[in-house]
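User: Could you walk me through the reasoning behind the terms used for this model?
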Amino acid sequence: MTFPILPEQASKIATQTDNLCWGLVSISAAVCLIVFVPMIYFLFKYRNGHPADRSPSNLPQTRIEIAWTILPLLIFMCFYVWGAKAYFNIERPPPGAMEINVIGKQWMWKVQHPEGNREIDELHVPVGRIVKLTMTSQDVIHDFFLPAFRTKQDVVPGRYTTEWFQADKIGTYHLFCSEYCGTSHSHMEGRVIVLSQADYQAWLTEGQPGTTLAESGERLFRELGCSGCHLGQSVIRAPPLQGLFGKPVPLNDGTVVIADEGYIRDSILLPAKQITGGYTNDMPSFAGRVSEDELLELIAYIKTLGSQSP
Amino acid sequence: MANSHEAVAEQFDDMPQQIEASTLGMWTFLATEILFFGALFLAYIVYRHTYAQAFALAGRHTLILYGTINTALLLTSSFTMSLAIHSAQEGKNKPLLGFLLLTIFLGCGFLLVKGLEYHEDVHEHLFPGAHFTRELPAPGQIFWVLYWVMTGVHSIHLAAGIGLLAVIVWMAWRRRFSSYYHNPVLISGLYWHFVDVIWVWLYALLYLINRH
Amino acid sequence: MNATLPQTETLEIPKPPKRLLTYFEDGGRTVGSWLLTTDHKRIGILYLYSIVAFFTIGAIAAAIMRLELITPAGDLVTSDTYNKLFTIHGTVMVWFFLIPSIPSVLGNFVVPLMLGARDLAFPRLNLLSWYLFNLGGLLALYAIAIGGVDTGWTFYTPYSSTFTNTHVVTMVAGVFMAGFSSILTGLNFIVTTHKMRAPGLTWFRLPLFLWSNYATSVILVMATPVLAMTLVLLSIERIWGVGVFDPQLGGDPVLFQHLFWFYSHPAVYIMILPGMGVVSELVTCFARKPIFGYHFVAFASMAIALIGFFVWGHHMFTSGASVYSGLVFSITSYLVAVPSAIKVFNWTMTLHRGRIFLNTPMLYALGFIGLFTVGGLTGLFLAALALDVHVTDTYFVVAHFHYIMVGGMVTGFLGGLHYWWPKITGRLYPESLGRLAALIIFIGFNLTFFPQYVMGYLGMVRRYHAYAPEFQIYHVMSSAGASILGVGYLLPLIYLIWSLKHGKKAPANPWNATGLEWQTPSPPPKHNFAQTPIVTRPPYQYSAETEEHMVYG
């Protein structure tokens with residue numbers, strides 16, 4: 001039986017979280033000392049039968065009360081700010097991330113690399129690169145938990161959530177589903193395999209299926225008939241998709257939304273939810289006709305349309 | 001006086017204490033009820049925000065004629081309930097009985113109209129589930145789930161109110177009330193007005209807001 | 001001289017007052033007289049029977065889980081069985097043991113006594129609460145008997161509404177019923193505290209148990225209905241297959257979490273505030289001193305109840321809600337820790353210059369303060385956003401809330417039970433066994449749950465039936481501790497029952513305590529007091545300077 005005390009640190013975020021933890025451990029230890037040492041001393045000194053001065057004390061009660069209301073509050077606020085700042089680092093991926101898609105399903109993790117590589121319950125990443133995961137679930141809520149990187153994020157059906165990490169050590173790390181998801185919840189685990197740049201490239205080429213994610217998306221785009229309305233000179237007027245991704249879209253009801261992954265997803269599955277300004281709702285819903293994997297392929301394709309725009 | 005003295009339960013010292021306790025009890029219960037409906041209102045607000053257009057479309061299918069008749073019935077019933085309370089305060093038993101019965105009658109009228117409306121809703125495939133109308137976008141169904149739950153829970157409350165008033169009528173029939181002791185009438189009135197106020201909110205959210 | 005003698009012989013000697021019948025005797029001893037009673041004391045006892053039964057069921061489920069977790073492989077029970085076990089443990093312990101434990105058992109018994117009242121404001125409603133509670137409990141047991149539920153006590157959608165094929169609706173109906181029972185109990189306490197205080201018993205003369213019981217009641221009344229409606233929506237979604245929370249139909253599964261935690265976080269305070277109230281009674285009595293900072297402790301209860309309504313989002317920092325909502329809920333979570341800290345400091349200072357008796361109830365009170373402090377401090381870890389991301393849904397959280405709910409509430413319940421046991425039963429329990437049990441529980445508890453903090457931080461996810469081998473050492477420690485804890489909980493069950501027949505008869509006030517409940521015989525007569533007491537002093541007028549004698553002194 002091994003006796004680990006601290007989890008492995010494999011990213012800067014891990015160090016940041018551990019520092020916060022040590023900060024809290026110190027203050028907790030201090031509070032325990034402040035409370036328990038006097039308490040045990042009083043228990044000993046003022047126990048029945050032991051002579052001691054028991055006359056009512058003239059302590060400035062209100063002042064003491066105010067002091068031990070304000071002081072903890074101030075200390076708590078320091079930790080609040082510390083925790084919140086660190087939280088922003090965890091929640092906001094830095095720019096220049098490589099993007100990988102993750103789909104949770106009872107009880108496995110499916111991973112799509114932009115190069116077209118796919119894997120199950122394993123995630124190969126290069127060391128030192130910022131990796132941003134775009135995640136969704138095709139059934140219940142899961143959670144993508146990477147203890148070595150001190151990060152986790154619920155994977156919620158019907159929407160995309162993101163999580164990022166930057167491994168700074170080559171190695172193999174745990175991946176757990178940490179949101180209860182049914183019978184084999186405890187077996188919905190996997191490994192994150194951090195490779196050197198060269199090994200990662202070799203791994204990518206070895207498993208390369210021939211088409212990238214965006215190419216698969218393009219094929220789907222034609223097969224499903226999207227291209228008929230959304231591309232080129234079509235009879236039916238539909239909003240053009242070139243240069244769409246990441247840009248603000250004015251809607252029929254006067255509001256403006258950013259065309260992110262979630263927006264494209266909703267537009268495919270629930271076209272009536274947000275109608276682009278100047279258009280009517282003529283598009284049929286594709287709910288039930290495209291899988292979560294295919295949706296992410298379509299989104300990958302529409303993203304490339306963004307970059308091709310003049 | 002002798003009659004009213006009988007009504008003091010053994011845990012209370014005197015009648016004022018019992019009256020205050022019962023009244024506070026009803027107010028506390030109404031606070032609970034507000035949060036009970038509150039969860040529904042919250043769900044409604046969240047989804048209305050997410051699916052503004054679908055909700056507006058779905059809301060236009062509610063039957064405003066029935067809704068308006070029912071609003072009129074309930075508001076009138078609150079008025080007659082107030083008159084019943086007034087009669088009780090004056091110690092006039094006959095008008096008290098009359099107004100109570102009128103209030104019950106209006107409440108039953110509400111339930112009847114609501115039943116007719118439900119019948120028509122089902123007929124138009126507005127009951128959520130497999131047979132739900134295809135004319136509405138998918139999130140429109142959430143509006144109709146909330147419609148059925150909100151009006152359904154409200155109707156159950158109204159039915160309970162009618163039962164409560166029936167007990168009060170029986171007590172009034174047995175001449176239990178006087179200008180000195182009539183707290184049960186007051187408390188039932190509080191409940192009745194509460195059910196009425198909830199309906200006014202439902203009327204606004206389910207029938208009116210979608211038609212501008 | 002002689003002439004005066006006959007006069008003294010005819011002098012009338014007043015007869016000693018006839019002994020008042022106790023609440024056991026008055027009203028009959030038949031089962032029917034108990035099942036139809038409206039006496040708050042008898043209803044308190046009825047609740048005690050019910051919650052001991054439910055505690056036993058929840059504890060058996062826990063024991064099987066701890067056995068399973070000794071080895072990393074899931075080899076004792078199947079994963080489905082394991083999932084059902086933790087659901088039984090959670091649902092039964094939260095709704096059918098912890099929530100009614102102190103309020104419905106001890107509160108029912110002592111609140112009217114402490115107020116100097118003859119009964120609660122609505123005695124029949126009180127009995128109805130008990131029936132609703134048991135009906136709910138029976139429904140929950142029925143759901144377990146016909147196959148169980150595997151959603152966890154949190155019933156997260158869409159798993160609970162669409163994917164599981166277990167008996168969610170039956171279980172939810174049981175919880176719904178128990179919820180109504182809670183609401184009625186809370187309502188009864190609120191009205192009783194407002195309207196039925198003895199003459200002279202002003203708000204700031206109320207014992208602190210009544211303050212915390214009042215704060216608890218406010219939460220019961222204001223939070224439970226939201227849970228009730230949420231469960232109704234969940235059931236409707238499940239029965240009719242319509243979308244409220246199901247994303248396939250446009251619903252929002254995270255909305256369920258918001259509604260659920262809007263109830264369930266305040267419910268956590270239902271599961272600690274009454275324990276704090278009990279500890280305030282015990283610390284003052286066994287330190288023979290008025291509480292330090294009465295007003296601050298009283299207002300701290302109300303502050304916890306109030307702020308407790310605005311912290312629910314801290315269960316959802318990783319659920320995909322907005323970063324900014326995280327900021328708000330983190331700060332409110334830190335704020336709610338302040339009044340808890342105030343209480344701990346005040347209890348400690350109450351010991352200063354006291355005359356301390358280390359009797360069984362006091363040992364539980366001290367255990368409570370220690371365990372609650374550790375549980376509260378680890379709450380600060382969870383409120384720190386960045387750290388919560390790492391430890392949420394791990395054993396760190398499991399350890400944290402067990403420190404609060406078991407280390408806090410159950411310890412407080414046992415402390416209160418021992419303190420008021422002579423009043424409730426008219427018997428004394430064997431003191432040395434009592435102290436031994438308190439010690440065993442304290443040690444067993446720490447051995448069970450402290451290792452869970454460490455393994456949680458290492459990444460051991462909760463609700464795992466099988467786990468990675470590196471966590472085994474901590475699971476073995478935890479299971480070993482659980483067996484000690486089990487012995488600790490069995491002991492009071494045995495000697496308290498033994499004391500009913502063989503315990504020494506208790507005097508009216510064995511602890512020389514100041515509360516009104518001690519001013520009437522043990523056990524009290526049916527209507528509590530021969531005459532309505534009149535209160536002229538603040539509570540806890542103890543004096544540490546005078547030598548005092550206690551029944552176990």
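Analyst: Happily! Let's begin with pairing: two strands pair if DSSP finds at least two bridges between them. Strands (E, at least two residues) and helices (H or I, at least four) are DSSP runs, numbered from the N terminus. The model is predicted, so local features need pLDDT of at least 70 and side-chain atom pairs 80 or more, while totals for chains, interfaces and linings use all residues. Residues are numbered from 1 along each chain as written, with chains lettered from A and ligands numbered from 1 in written order.

User: What makes strand 1 and strand 2 of chain A a pair?
Analyst: At least two bridges are required, and strand 1 (98-105) and strand 2 (108-112) of chain A have five, in the antiparallel sense. A:Trp109 in strand 2, for instance, is the bridge partner of A:Gly104.

User: Which strands of chain A are called edge strands, and why?
Analyst: Strand 3 (118-120) and strand 8 (161-166) of chain A, because each pairs on one side only. They belong to an open sheet of five strands with mixed pairing, in the order 3-2-1-5-8.

User: Why is helix 13 of chain C described as mostly covered?
Analyst: A residue is buried if 20 or more other C-beta atoms, placed from the backbone, lie within 10 Å of its own (exposed: 12 or fewer; partly exposed: in between). In helix 13 of chain C, 24 of 24 residues are buried, so the description fits.

User: How do you know how far helix 13 of chain C should reach?
Analyst: The expected span is 1.5 Å times one less than the number of residues. Helix 13 of chain C has 24 residues and reaches 34 Å from first C-alpha to last, close to the 34 Å expected.
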